[in-house]
Amino acid sequence: MRISFTELRQRLREFGSAGDEMAVTRGKIIMENAANGIAANLAGGSFFTGLLLFLNASTIQIGLVNIIAYVCNILQLFAPLFLERFSSRKRMLVIVRILNHILNIVLIGLLSILPAAESFRVYMILGIQAILNIMGAFTSSGYSVWHIQSIPDRERAHYFSANQRICSTSAHLFILIGSAIADQFRGTEGELTGYLILRAIAIIFAVIDVWYLAQIKEYPYPKSEQKVSLLMLFTEPLKAKRYRVSILVIFLWNLLATTCGSYYTVYLLDTVKASYSFLNICSAMYVPCMLILMPIWARVINRTSWFAAYWKSVLIYGLFYFGYPLVTVTNYHWVYPIVLLALHILSPAINLVHSNLAFYKIPRENQTVYLSFYSTVANIAAILGNLFATQFMLRTEGKMFNLIGIQMHPGQLLPGITGLFIMSLGVIAFFLNKREERLDAIEAAENPPEEEDVFADTSV
């Protein structure tokens, strides 16, 4: 059997990279992300919202969960002043992750059974959420820079595709299991027991998460001769011409796409009376869509560009958001799955681009400065988006809207407004893609690519 030179070269690459240290590390990162995602979803998401509803938290208190997260995460801007003091950050970051799991899973679980007034327990839980988000603000960019060391540019699309497929599949599987458990106890005197069982399972995956995290290799961080100063935190990211587009896009996405907040979930649980199992089964439809479409989108991105795929998917994604307001008590069992399936088909492209957005054209030195600024801008935008949602709900509380012959709850109407905002981002991303294509062409002409290394690593 004859083998072409191209096939031989590919086989040599695969053989040479089988024991590659970075490839092994990338596998550990994916396993750690999967375990962390399962733990976070069993202790958070709709189950956390359900726990707050069980404790009779108000709509505003539930909305505060997102606002607290975004406000605290503004502190990410100052994280480099802390992180850049460490020449090696692995040990510190592992310890912080352990504390995070203890507070998020164990302590909040204990607070929920505290023999005290429900309002007191709710505010104590919100206080723990604030502490968790402050801890995350000072360390999240540290995890990102640590892990991105093992993911070279040429492997980004392939790696993020594999990472999302594995992590999303495992997370949705356990969300469905958790939903079955929660629904067994929902509406009974033992409803709280259901949430505590989920947290007990989350502890197991928290241990697995920490075990894999401790095994991820840490490489020396590129350093500049200039010491990180307070002024640099504000100025350096804006000086990076190509990186500014990432900052702009994440600002617009978090500003426009978070204007729905968690109020639509509250509408589905409280008004529509949808079960956890139904909602999470619909959410789990994303898994087969992602498994099929994520590799396709990764190839599309590699053949075209990140933003060429982004503007098209975002524009159509916003259009399908108009289906959410059509979900009512009488038709939710078939309209909601159709709307969500349409969004799931486009989500892989958007999520894949967002996975790499923080690292798109990022300078090599002092990367915590750029990532912290990026995250801070993202959180400020999300605060504004959630404030819009909260104000909308406050000003329309108790009102109903008659649109296209349907009486709409404010939480039901809100996603339609969000859809308009997301479509506007798609239009802006179209022009940004044109700009990036022009700058790429200029850079390619000025810096011709060097000859490709035949034995370069291509494995995940």
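Q: How many positive and negative side chains does the chain have, and how far apart do the centres of the two sets lie?
A: In this predicted model, the chain carries 35 positive and 29 negative side chains. The centres of the two sets are 3 Å apart.

Q: What is the chain built from, and why is it called as compact as a globular protein of its length?
A: It has 18 helices and two strands. The radius of gyration is 23 Å, and the globule rule gives 23 Å for 460 residues, so the chain is as compact as a globular protein of that length. Along its principal axes, the C-alpha trace spans about 65 × 55 × 50 Å.

Q: What share of the residues of the chain counts as buried?
A: Of the 460 residues, 53% count as buried. As for the surface, the chain exposes about 21300 Å², with carbon and sulfur atoms supplying 65% of it.

Q: Why is N379 called buried?
A: Buried means under 20% relative accessible area. N379 has 8% relative accessibility, so it counts as buried. N379 is found in helix α17, residues 367–395. Leaving aside neighbours within four places in sequence, its contacts are A69, Y70, N73, I74, Q76 and N254.

Q: What makes F160 and F359 a stacked aromatic pair?
A: Rings pair if their centres lie within 6.5 Å, and planes under 30 degrees apart count as stacked. For F160 and F359, the centres are 6.4 Å apart and the planes are at 15°, so both conditions are met. This is one of the 24 aromatic pairs that the structure holds.

Q: How do you know that this pair ties together parts far apart in sequence, 199 residues from each other?
A: F160 lies in helix α8 (residues 156–185), while F359 lies in the loop between α16 (332–357) and α17, so the pair links parts that are 199 residues apart in sequence. F160, at 7% relative accessibility, counts as buried, and F359, at 11%, counts as buried too.

Q: Why is the pair of F392 and F401 called stacked?
A: The ring centres are 6.4 Å apart and the planes are at 15°, so the pair is stacked.

Q: Why does F392 count as buried, and why does F401 count as partly exposed?
A: Under 20% means buried, over 50% means exposed, and partly exposed lies in between. F392 has a relative accessible area of 15%, so it is buried. F401 has 24% relative accessibility, so it counts as partly exposed.

Note on methods
Residues are numbered from 1 along each chain as its sequence is written. This is a predicted model: local features need pLDDT of at least 70, side-chain atom pairs count only at pLDDT 80 or more; totals for chains, interfaces and linings use all residues. Side-chain values use heavy atoms; hydrogens and water are left out. Helices (H or I, at least four residues) and strands (E, at least two) are DSSP runs, numbered from the N terminus. The radius of gyration is taken over C-alpha atoms; the globule rule is 2.2 Å times the number of residues to the power 0.38. Buried means under 20% relative accessible area, exposed over 50%, partly exposed in between (1.4 Å probe, protein chains only). Accessible areas come from the Shrake-Rupley method with a 1.4 Å probe; for residues, only the protein chains shown count as cover. Lys and Arg count as positive and Asp and Glu as negative; His and the chain ends are not counted. The place of a charge is taken as NZ of Lys, CZ of Arg, CG of Asp or CD of Glu. Contact means heavy atoms within 4.5 Å. Rings of Phe, Tyr and Trp (its six-membered ring) pair if their centres lie within 6.5 Å; planes under 30 degrees apart count as stacked, over 60 as edge-to-face and the rest as tilted.
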